[in-house]
Amino acid sequence: MRSVTPLIAVLRAAALVVLVVAVAACSRNGAGGGTGVGNLGPGGGAPGSQQEFLVSVGDRVFFETDSSSLTPTAMATLDKQAQWLNRYTNYRILIEGHADERGTREYNIALGARRGSIVVNYLVSKGVDQRRITTKSFGKERPVAICNDISCWSQNRRAVTVVQ
Amino acid sequence: MKMTLITRRNALKLGLAGGAFALATPSQALVEIVVTGGNFTPLPIAIPDFASSDPSFGAEIAQIVRDNLKRSGLFVPLDPASLPIRVGDVTNEPDFASWRTASVDALVMGSVERGAEVASQVRVWDTQASAQVVGKSYKTDAQNYRRIAHIVSDAIYASLSGGSGYFDTRILYVAESGPKANRVKRLAIMDQDGFNVQYLSSGKALTLTPRLSPNGASVAYTSYEDGNPQVYVAGLGGASKKLINGAPMSFAPRFAPDGGSVVFSVSNGGTTNIYQAGVGGGNPTQLTSGAAIDTSPCYAPDGSRIVFESDRGGSPQLYIMGAGGGGAQRVSYGEGSYSTPVWSPDGTLIAYTRQSGGQFHIGIMKPDGSGERILSSSGQVQEGPTWAPNSRVIGFFREPGGDAGPSLHSIDIWGRNELNLKTETFASDPSWSPLRA
């Protein structure tokens with residue numbers, strides 16, 4: 001059995017992945033057409049950058065078991081997300097809904113869809129343009145924390161806001 | 001996938017060659033297994049190697065038969081080295097006295113030859129009654145010689161256990177590989193005993209919950225190849241086609257008993273409802289409505305009703321509605337939640353996943369909700385029951401959690417004889433085929 005991956009390490013790893021993707025996107029889409037090479041900046045990233053969204057705003061909210069209700073903590077995170085998204089309107093937004101593994105596969109796809117939808121509705125209620133947003137449910141197919149107890153399950157019951 | 005089939009439909013009752021021995025009247029079934037509850041004793045059965053011009057082939061076929069019968073939990077094949085004779089004889093009546101002396105009540109004598117096709121003859125004898133229980137001959141394609149052993153196994157099982165067999169079947173499943181956080185999942189199919197594995201999809205996109213059509217020739221499944229989960233249908237090993245267009249997400253497909261349509265879930269704006277659509281395309285019909293999650297639909301074998309799971313009352317529970325939708329009645333009332341209902345092929349039972357007390361249970365109940373019986377309980381995730389075609393055995397999968405992967409299991413409806421079905425990869429989402437044509 002693997003030890004519990006601390007949340008912060010998971011976030012850091014996720015941040016790295018997203019940043020690499022962002023750099024790759026730059027190299028494909030850059031106006032100059034040259035090769036894009038970026039150095040990873042320290043701290044929370046430049047204002048308006050995907051890294052800033054990830055580190056300073058927070059890209060995910062967590063849910064209780066078999067619930068799609070937003071906790072006060074989740075609402076606070078989504079408030080910050082909405083503020084940021086309303087300032088940087090050039091990004092498209094993908095909301096991924098996820099469930100932990102303690103449920104059946106099909107129900108969890110539906111539960112992930114419901115969680116994603118709750119987040120979309122909240123962001124729209126805070127002024128984010130619905131036309132920027134798409135959703136996707138992964139059910140229990142893409143856990144981020146891998147172990148067999150509640151410390152992981154609670155991190156996997158999540159909705160992730162991906163700016164792209 | 002091509003196969004020239006000389007099928008069980010062409011099975012012949014073995015005639016008697018020139019009156020070499022008198023056919024006894026049909027057995028009074030002294031050796032028949034009476035399966036009425038969990039307390040029965042498996043039947044000892046003697047299966048000498050099959051007579052063959054290739055003795056090692058005859059031994060191999062007999063061993064496949066022994067392994068099948070042993071795995072059913074209803075039979076105990078005796079050590080072939082301990083038997084009065086080592087090779088079967090289908091042309092003469094057995095020396096019943098010597099078999100009785102060896103304490104053998106049920107005796108199988110077989111022969112098999114392999115040429116352009118594989119041909120086998122088998123007689124099942126009741127040594128107490130000195131009577132033949134069954135005598136048949138079968139042929140099958142030489143490319144897949146193991147089938148002849150499965151067909152023979154089904155004949156033995158059916159003649160002695162009062163139910164039809166389930167050995168000449170296959171299991172469709174999801175083969176899993178790679179780390180848990182980025183699992184590769186592809187469709188695979190194998191014989192029920194784990195042989196002849198074929199992989200049907202590349203694994204580029206997540207593929208989930210494959211279900212065989214009633215004739216075993218097509219599959220409906222959920223795939224992420226479009227980004228979001230969508231239902232696809234395909235001939236086995238053939239090209240796939242998205243079932244419907246325009247749904248944000250569709251999943252949880254199952255074929256109607258006539259194979260002409262599929263029932264499935266659509267998620268849209270956080271609500272999940274059940275729809276039905278023809279496999280040839282056309283507009284889907286919406287069968288449930290409301291803000292709840294309605295999913296995992298499954299037809300009754302006569303096509304008249306659909307059982308599904310819904311959290312409209314709070315926790316997920318099982319409901320039954322007419323095949324055209326509407327009038328859903330709740331049928332599960334136990335503690336916890338109920339999911340993934342699957343109607344038995346004979347229509348008498350519904351198998352499901354139940355979560356309660358921190359455990360996952362595989363259970364069965366009658367369609368009116370009575371007679372609930374939990375067959376298997378685990379603290380690990382286990383779910384996804386599927387029925388063998390004789391309505392006596394259920395397959396499911398269990399997932400230990402962490403980075404380990406799931407495995408396939410089976411158990412009988414009496415809660416006995418849980419087996420691990422060996423696969424060469426991690427495996428989940430089994431779908432048991434009907435008896436092959």
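Reader: How much of chain B, out of 437 residues, counts as buried?
Author: This is a predicted model, so to speak with rules attached: local features need pLDDT of at least 70, side-chain atom pairs count only at pLDDT 80 or more, and totals for chains, interfaces and linings use all residues. Residues are numbered from 1 along each chain as its sequence is written, while chains are lettered from A and ligands numbered from 1 in the order written. Buried means 20 or more other C-beta atoms within 10 Å of a residue's own (exposed: 12 or fewer; partly exposed: in between; C-beta atoms placed from the backbone). For the 437 residues of chain B, that gives 49%.

Reader: Which helix gives the largest nonpolar core its largest share?
Author: A nonpolar core joins buried Ala, Val, Leu, Ile, Met, Phe, Trp, Tyr and Cys through C-beta atoms within 7 Å. The largest one has 106 residues, and Ile156(B) is among those touching the most other members. The largest share is eight residues, from residues 146–161 of chain B, a helix (DSSP H or I run, at least four residues; strands are E, at least two) called α3.

Reader: Where does this core lie?
Author: Domain bounds come from an automatic or database assignment. Both parts of chain B give residues to the core, so it lies between domain 1 (8–18 + 26–161) and domain 2 (171–432).

Reader: Which strand gives the most to the side of chain B that touches chain A?
Author: Contact means C-beta atoms, placed from the backbone, within 7 Å, and here 30 residues from chain B and 24 residues from chain A take part. Several strands of chain B supply at least two residues each, including β10 (207–212) and β12 (228–235). The top giver, with three residues, is β14(B).

Methods
Contact = placed C-beta atoms within 7 Å.
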